Amino acid sequence: LSLTKQKIFKKLSPPLPQARPKLQALPNELSTSAEPFSTFSLHVSDVSFKLAYAALMKGEWPDPSRIRLEEFVNAFDYEDPIPSLDERVSSTIEQAIHPSMQQRNVLRIAMRTAAAGRNSTTPLNLTFLLDSSGSMERFDRQETLQRAFSLLAKQLNEGDKVSLISFARQPRLLAEAVAGNQAGDLVKLVSQLPKEGGTNLEAALNLGFEKARENRMGNSQDRIILLTDGAANLGDADPARLASIIEKMRTAGIAFDAAGIGAEGLNDEILEALTRKGDGRYYLLDQPDEVDSKFAKQIAGALRPAAMNVKVQIEFNPLRVGRYQLHGFEKHLLNKEDFKNDQVDAAELSAAEAGVALYQFEPLPDGTGDVGSVSVRFRDMANGQMVEKRWPIPYQPSMPRLEEASATIRLATVATLVASKLKGEPLGELSTWEELSTQLGSLSPEILKREPVSQLNQMILKAAAIQ
């Protein structure tokens with residue numbers, strides 16, 4: 001540990017326990033004999049991680065309601081193997097002994113798509129909704145908005161169409177059905193948008209929906225992309241009402257993406273609810289320099305999705321597993337029968353993208369058989385066909401301790417435990433900040449210097465100091 005870490009933990013951390021109490025179950029653990037199936041939509045986002053980081057860097061404790069464990073886990077690139085085009089999707093399965101609970105193991109499951117998505121000849125019909133309300137007047141937010149739109153414009157070609165709507169008290173159509181290769185000419189228009197008044201997000205969504213339908217082409221991929229600080233205060237700003245508009249878009253085959261501009265004052269409740277109801281993504285751009293290669297890769301992938309309606313189902317073996325818990329994904333859980341029901345909507349993955357989930361489970365050493373199996377089902381955007389694959393989760397009698405396991409499962413576990421502590425969950429109370437710092441510090445220097453990992457390290461130190 002560095003000298004700074006030593007000072008923080010010597011002053012603030014309680015003595016490490018000599019022996020952990022035997023734990024029967026945590027409140028959210030499920031009995032495998034009663035419910036062996038765990039099914040969810042494989043939602044991929046890192047907004048919750050970024051919001052927590054922004055709060056802690058200001059010396060503030062993050063809002064627990066904004067802590068979503070799955071978005072901490074998916075804030076990192078675990079570099080899982082990319083499947084071949086013939087495979088379409090691959091799964092990586094890893095296990096280790098739980099670092100803070102007796103008689104529990106951790107299980108990391110990753111799904112990754114092949115390096116090819118929607119056919120590049122399929123045209124895009126994009127409708128941009130740009131917030132020009134008074135809350136967007138700050139120079140850093142204006143610059144972030146301009147950079148984001150400029151980067152998005154560079155992803156388009158002649159066969160694509162772009163429509164541009166600004167909104168404050170009321171929406172205003174600035175450009176309609178402009179050829180994609182001319183979208184760069186609209187950047188200057190975006191930079192000159194006056195900032196005034198309140199934010200009528202409801203009216204903007206309705207006009208965007210209308211124009212997206214009017215300008216769709218026979219085989220186009222249709223998306224509405226909202227760039228806003230999310231501070232809706234005019235019209236009907238009820239998240240449920242706004243989400244109903246997004247559901248109508250989804251039913252009409254129009255995807256919805258949202259990029260939050262600036263963490264301070266961001267209405268995360270509205271933007272998270274909207275993107276969860278639509279076939280799209282949720283991003284956070286806190287500063288202009290965050291509109292970088294990572295965002296470019298993310299948005300390019302979203303414009304060329306490889307898999308739609310991505311659902312994951314784990315079937316645990318009651319003869320080998322006593323109890324289990326999926327960390328996060330509470331708002332993305334599905335019923336067992338929803339897995340094969342293609343009318344039930346789920347998330348999307350872009351080309352070569354991975355979605356990761358972390359479980360804890362109670363292994364039964366005297367039991368029989370595998371831990372269970374993991375299945376994925378999705379629509380392959382290359383050919384429109386539904387794909388379903390299944391892999392066994394083997395039982396490992398000699399499970400490695402977390403510090404001896406792979407770097408990927410160590411990172412996912414630490415991220416989960418940090419989120420649990422910030423959220424105030426019982427699981428988080430079983431680890432100290434010093435223990436989490438030590439676990440993270442055991443990763444290689446090459447991994448530790450990567451920005452999301454270094455940010456996680458800073459979050460641990462800040463949270464320990466604040467608490």
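In which sense do β11 and strand β14 pair, and over how many bridges? In this predicted model, the two strands pair in the antiparallel sense, over 3 bridges. Strand β14 covers residues 347-350. Within this pairing, P305 of β11 has S350 of β14 as its bridge partner.

Strand β11 has further pairings. It spans residues 305-316. Strand β16, residues 372-380, pairs with β11 over 8 bridges, again in the antiparallel sense. Here V312 stands opposite V376 of β16. Strand β2, residues 37-41, also runs antiparallel to β11, and 5 bridges join them. On the β2 side, F37 stands opposite E315 of β11.

Strand β11 is also mostly covered. Of its 12 residues, 11 are buried. In a regular strand, side chains alternate between the two faces of the sheet.

A second site centres on H327. This residue lies in the loop between β12 and β13. Strand β12 comprises residues 321-326, and β13 comprises residues 333-334. H327 counts as buried because its relative accessibility is 3%, under the 20% cut-off.

The surroundings of H327 come from several parts of the sequence. Neighbours within four places in sequence are left aside here. Contacts are then found with L69 and E70, with L358, Y359 and Q360, and with T416 and L427. Q360 also takes part in a polar contact with H327. This contact joins the two side chains at 3.1 Å.

Terms used:
Residues are numbered from 1 along each chain as its sequence is written. This is a predicted model: local features need pLDDT of at least 70, side-chain atom pairs count only at pLDDT 80 or more; totals for chains, interfaces and linings use all residues. Side-chain values use heavy atoms; hydrogens and water are left out. Helices (H or I, at least four residues) and strands (E, at least two) are DSSP runs, numbered from the N terminus. Buried means under 20% relative accessible area, exposed over 50%, partly exposed in between (1.4 Å probe, protein chains only). A polar contact is a pair of N or O atoms within 3.5 Å; within protein, one must be able to donate a hydrogen and the other to accept it, and residues adjacent in sequence count only if both atoms are side-chain atoms. Contact means heavy atoms within 4.5 Å. Two strands pair if DSSP finds at least two bridges between them.
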